[in-house]
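This report looks at one structure through a few of its residues, helices and cores. Please keep the sequence and the model in view while reading.

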Amino acid sequence: MFKDIRRKDRIMDNEKAYEILRNAEYGVMATIGENSWPYATPLSFVLIENEIYFHCATSGHKLDNISFNEKVCFNVVGFTKPVYDNNFTTYYESVTVFGNASRVVDEEKKYKALYLLCEKYLSDYMDKADEDIKKSLPRTEIYKISIEHISAKEKKVK
């Protein structure tokens, strides 16, 4: 169902792939709409076990696309370093996830995802997290991507 990575010498093991996924600052999610056009959205996210959680408004382009087709692709980039090494190249780490996106309806799971997002992005302000999360819950959607397939590759620094 999923294509193999062409450059076998650049395959990254799953343990490192999940580490990069956990630590990446942002990711980009691609969806497909009923008009057959792809749509890619940069997201702040948090990995909880084997699922990627993100927050959003209650309506919009990406949600319309997810309603049409729950299959998504999500990418993150770890380390990058453009170099000249007898040619122009880039050392890099990248992770690609294929999965199904779905709305989280359980209030405890929604709260947990928002709390972990606060902790990841604004850990210096956790004293304000509980109150702000409770205020924003009625107007915030939480979605998760259930990972079906993950692949990762890297071009290592010599």
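## Surroundings of Asn65

Leaving aside its neighbours within four places in sequence, which residues is Asn65 in contact with? In this predicted model, the contacts of Asn65 outside that sequence window are Thr31, Ile32, Gly33 and Tyr39. Asn65 belongs to helix 2, which covers residues 61-68, and with a relative accessible area of 5% Asn65 is buried.

## Helix 3 and its covered face

Helix 3 runs over residues 107-121, and its 15 residues reach 21 Å from the first C-alpha to the last, close to the 21 Å expected at 1.5 Å a residue. Its buried residues are Lys110, Ala113, Leu114 and Leu117; seen down the axis of helix 3, they fall within an arc of 95°, so they line one face of the helix. The general geometry is that an α-helix has 3.6 residues a turn, so residues three or four places apart point the same way.

The elements that cover these buried residues of helix 3 include strand 3 (46-48), strand 4 (51-56), helix 4 (129-136) and strand 7 (141-155). At the N-terminal end, helix 3 is capped by Asp106, which has a side-chain oxygen 3.1 Å from the backbone nitrogen of Glu108.

## Nonpolar cores

The largest nonpolar core has 26 residues, among which Leu21, Ile52 and Phe74 touch the most other members. At least two residues of this core are supplied by each of helix 1 (14-23), strand 4, helix 2, strand 5 (71-84), strand 6 (88-103) and strand 7, and strand 7 gives the largest share, five residues.

When residues up to four places away in sequence are not counted, Phe74 touches Leu21, Gly27, Val28, Met29, Leu43, Phe45, Ile52, Val95, Thr96, Val97 and Ile145. There is also a second, separate core of twelve residues, including Ala113, Ala129, Ile133 and Ile142; Ala113 is also one of the buried residues of helix 3.

## Cysteines without disulfides

How many disulfides does a search of the whole structure find? The search finds zero, and the sulfur distances are consistent with that count: the sulfur of Cys56 is 15 Å from the closest cysteine sulfur, that of Cys118, which is too far for a bond. For Cys73, the closest cysteine sulfur is that of Cys56, at 18 Å, again too far for a bond. Cys56 counts as buried at 9% relative accessibility, and Cys73 is likewise buried, with a relative accessible area of 17%.

How values were computed:
Residues are numbered from 1 along each chain as its sequence is written. This is a predicted model: local features need pLDDT of at least 70, side-chain atom pairs count only at pLDDT 80 or more; totals for chains, interfaces and linings use all residues. Side-chain values use heavy atoms; hydrogens and water are left out. Helices (H or I, at least four residues) and strands (E, at least two) are DSSP runs, numbered from the N terminus. The expected span of a helix is 1.5 Å times one less than its number of residues. Buried means under 20% relative accessible area, exposed over 50%, partly exposed in between (1.4 Å probe, protein chains only). The arc is that of the directions from the helix axis to the C-beta atoms. Contact means heavy atoms within 4.5 Å. A polar contact is a pair of N or O atoms within 3.5 Å; within protein, one must be able to donate a hydrogen and the other to accept it, and residues adjacent in sequence count only if both atoms are side-chain atoms. A disulfide is a pair of cysteine sulfur atoms within 2.5 Å. A nonpolar core is a set of buried Ala, Val, Leu, Ile, Met, Phe, Trp, Tyr and Cys residues joined through side-chain atoms within 4.5 Å.
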